[in-house]
Amino acid sequence: MPADITYLDYNATAPLRPQARTAMMSAMEALAGGGNPSSVHRAGRTARRIVEDARAQVAALALCAPDEVVFTSGGTEANSLAILGTLASGQFERLIVSAAEHASVLDTATAAMAAGADVSVLPVDANGLADIEALAHDLSSDPRPALVCLMSANNETGVIQPVSKVVGIVKDAGGRVHVDAVQHAGKLPFSDVSLAHTVSLSAHKVGGPQGTGALIVRGKGGVEPQLRGGGQELRRRAGTENVIGIAGFGAAAQVAAEDIAAVQALAPLRNAMEARVLASAAAILAAGGHAAQVIGHAAPRLPNTCCIAFDGVSAETLLMALDLSGVCVSSGSACSSGKVARSHVLDAMGVAPDLARGAIRISLGWTTTADDIDRFCTSLDQALTVMSSPRTPMRAAGE
Ligand code: PLP
């Protein structure tokens, strides 16, 4: 990371871990003379060994058997394979997705619905927690077996779902659970999540390269391939493996598994940052009758994640001001085609639109220091002070 950058956007992409970089460099060296992991000659066997070593490292992180790891191009493909592959198995007649899932789950569910699947959305409460009573009621009032998708930790708010409880309810009703653990991996132990039938992982959230991930499939079965034309990954995902990316994923997964305590130790730093931001924002914004709020603060949250919303402030303008100070954070809303869309997660939690428009996400990681947090807080105070001055419009033009 360049010295002039304070990177607090780990939930978007974590920095590449040195061990992942080293593993990819040696994989590149090993493959310099060729070698497809499906080839039986010695060059092929070298590539195969790299993939299988990484598979064992990912399995150790996810508490599963190596042959339950299906390498994919990332978390998005893993979620898509879990949903479409499970529905294609013909064993489940309904799909239930929580309202706060990542777009890769929600958009896949929408596509499945357009193709005729029976899809329903499980609401979340004001803290972002899935409504378990509503789920239990839904499952008991419709006996058809359901696939239930519940992320273990939310990328925007860090809110942690009660996965083991949900797995118990769904299994008792004859259903199956898919867990998107992309944000959970490397931040919390895997114990609860390993109860789910399928689990998604993404390399770049644990310090590996972008464009690689995995779907864990318990018992190896019940998920039909969505990519065909090759026997790779035990016929569950066709296509020559991304050997170099997988090497980096494996190395990152190993360090991430060893580093969970260090990530958990970030919670006091995150909590102190939140207290400081709330206090200074209250002082700065009070004159305009505005306030700040930590989203999901009453729920269990990832130790590294903070989603804080500033009433009456434009998150986009705030992000630009922070970027000018060399601080990288995310907004709580998605920006596509030049238009700022409201966050579906904050909408599902019932956050007032004016507050949601001023939401930013700060996500810490293994390189974060108290100095980084100090620089962020100072830059934020300066930006809020400028933005709340009577001569500065609080909203970006055109919003
Ligand atoms: N699921 C969650 C919760 C995520 O945060 C992300 C990425 O932001 C994904 C899935 C998609 O992962 P990838 O970027 O590897 O496709």
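In what order do the seven strands of the open sheet stand? The order is 2-8-7-6-5-3-4, with mixed pairing. The model is predicted: local features need pLDDT of at least 70, side-chain atom pairs count only at pLDDT 80 or more, and totals for chains, interfaces and linings use all residues. Residues are numbered from 1 along each chain as its sequence is written, and side-chain values use heavy atoms, with hydrogens and water left out.

**View 1. The open sheet of seven strands, with mixed pairing.** Strands (E, at least two residues) and helices (H or I, at least four) are DSSP runs, numbered from the N terminus. Two strands pair if DSSP finds at least two bridges between them. Strand 2 (69–72) and strand 4 (118–122) are the edge strands; each has a single partner strand, so one side of each lacks a neighbour in the sheet. On average, neighbouring strands are turned by 20 degrees against each other, direction ignored. Strand 6 (residues 176–180) pairs with strand 7 (residues 198–202) in the parallel sense, over three bridges. Asp180 has Ser200 in strand 7 as its bridge partner. Helix 4 (residues 103–114) lies across strand 3 (94–98), strand 4, strand 5 (146–149) and strand 6. Helix 4 runs at about 155 degrees to strand 3. Axes are lines fitted to C-alpha atoms, for helices over the stretch in contact; angles run from 0 to 180 degrees between N-to-C directions.

**View 2. Helix 2 (residues 42–62) against helix 8 (residues 243–258).** The two axes come within 8 Å and cross at roughly 30 degrees. That makes helix 2 roughly parallel to helix 8; angles under 35 degrees count as roughly parallel, over 145 as roughly antiparallel, 65 to 115 as roughly perpendicular and the rest as oblique. In contact (heavy atoms within 4.5 Å), the helix 2 residues include Ala47, Ile50 and Val51, and those of helix 8 include Val243, Ile246 and Phe249. By class, this contact has 14 nonpolar, three polar and no charged residues. Ala, Val, Leu, Ile, Met, Phe, Trp, Tyr, Cys and Pro count as nonpolar, Asp, Glu, Lys and Arg as charged, and the others, Gly among them, as polar.

**View 3. Helix 1 against helix 8.** Their axes are 8 Å apart and the packing angle is about 150 degrees. Helix 1 is therefore roughly antiparallel to helix 8. Gln19, Ala20, Ala23, Met24, Ala27 and Met28 of helix 1 meet helix 8 residues, among them Ile244, Gly245 and Val255. The contact has 10 nonpolar, three polar and no charged residues.

**View 4. Helix 5 (residues 132–141) beside helix 6 (residues 163–172).** The axes come within 10 Å and cross at roughly 10 degrees. The two helices are therefore roughly parallel to each other. Helix 5 contributes Ile132, Leu135, Ala136 and Leu139; helix 6 contributes Lys165, Val166, Ile169 and Val170. Seven of these residues are nonpolar, none is polar and one is charged.

**View 5. The open sheet of four strands, with antiparallel pairing.** The order is 9-10-15-12. Strand 9 (292–294) and strand 12 (330–331) stand at the edges, each with a single partner strand, so one side of each has no neighbour in the sheet. Strand 9 and strand 10 (residues 305–310) pair over three bridges. Gln293 has Ala309 in strand 10 as its bridge partner. Helix 10 (residues 267–285) lies across strand 9, strand 10 and strand 15, at about 5 degrees to strand 10.
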